[in-house]
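Good morning, colleagues. Please take a moment to look at the sequence and the structure on the screen before I begin.

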Amino acid sequence: MARAVTNQRKTVNTAVAWAIGLLIFFPVLWTILTSFKTEAEAIADPPVFLFFNWTLENYSVVQERSDYMRFLWNSVIIAGVSTLVGIVVAVPAAWSMAFVPSRRTKDVLLWMLSTKMLPAVGALYPIYLIFIELGLLDTRAGLVLVMMLINLPIIVWMLYTYFREIPGEILEAARMDGASLRNEILYVLTPMAVPGIASTLLLNFILAWNEAFWTLNLTAAKAGPLTAFIASYSSPEGLFYAKLSAASTMAIAPILILGWFSQKQLVRGLTFGAVK
């Protein structure tokens, strides 16, 4: 009887999980399907789901109108470099908070997290003026700096959580064997925290890739990533939903593929713990 109840509960939980997953994925699926429709079919009422005239015309128009590879390359550089720089800055900070905590460590962590609660528009004006003075407006370097800073609290928090799961006795043993601070972090701590660091890299790369507010307000033509590529299909003449969907599909395809192939690593990192 108990086994039957357990199996029934598992079935219900699985069905609910699938329902939630499909509900979350439906907007993405609808965008992809719309990208293969004509403009008339894209705005049809009632909506046309599967039975329509499939066409690649929207993708051809998008590629003719915009330099997709330039936007893609900008996204890769901005998201990749900002994530790597953030990791380099966050690892020593998280190590210090996890293994050499002070009375104010928790306060510092809460303060860092509280910065994510600040509406981005509240910091836009001063940052915009600073970028103008420093010549960073519409540059990859400027966006790398912004992306690294806005995601740094999340990176530090995640690494701090992972490092706390590593026994401090291992690092103490390394010090007793004569390991310097640099060697302790590079050759003892980092290899043990690889799953956590990898999941942090993946998550923050995705966050930087999808960031739209700062990219749309701090770039124009030169350093615009794929978020700017999508926004370029909103014009005074109106929205062309089929072409906008094609541009959106081309923008999200790389990150969807990356997430699909790295999902095991991401899950492993999110459930990481050195002490079992």
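I shall speak about the internal cavities and the residues that line them.

Please keep in mind that this is a predicted model. A search of the whole structure finds two cavities of 30 Å³ or more.

Let me begin with the largest cavity, which holds about 40 Å³ of space. Which residues line the largest cavity? From helix H4, which spans 68-99, and the residues after it, the lining includes Ser 75, Ile 78, Ala 79 and Met 147. Further along the sequence, the lining also includes Ala 208, Trp 209, Glu 211, Thr 215, Pro 225 and Thr 227. Two elements give two or more residues each to this lining, namely helix H4 (68-99) and helix H10 (194-210). The largest share belongs to H4, with three residues. In character, the lining of the largest cavity has six nonpolar residues, three polar and one charged.

I turn now to the second largest cavity, which has about 30 Å³ of space. Its lining is formed by Ser 82, Thr 83, Met 147, Met 148, Asn 151, Ile 155, Asn 204 and Ala 208. H4, helix H7 (140-164) and H10 are the elements that contribute two or more residues here. Which element gives the most to the lining of the second largest cavity? That element is H7, with four residues. This lining divides into four nonpolar and four polar residues, with no charged residue.

Finally, Met 147 and Ala 208 appear in the lining of the largest cavity and also in that of the second largest. Thank you for your attention.

Key. Residues numbered from 1 in each chain as written. Predicted model: local features only at pLDDT ≥ 70, side-chain atom pairs only at ≥ 80, totals over all residues. Heavy atoms only, no water. 1 Å grid on protein atoms, 1.4 Å probe; cavity = no way out; pocket = protein on both sides within 12 Å on 5 of 7 lines; lining within 4 Å. Points joined across faces, edges and corners; volume = space filled by probe spheres on them. Nonpolar A, V, L, I, M, F, W, Y, C, P; charged D, E, K, R; others polar.
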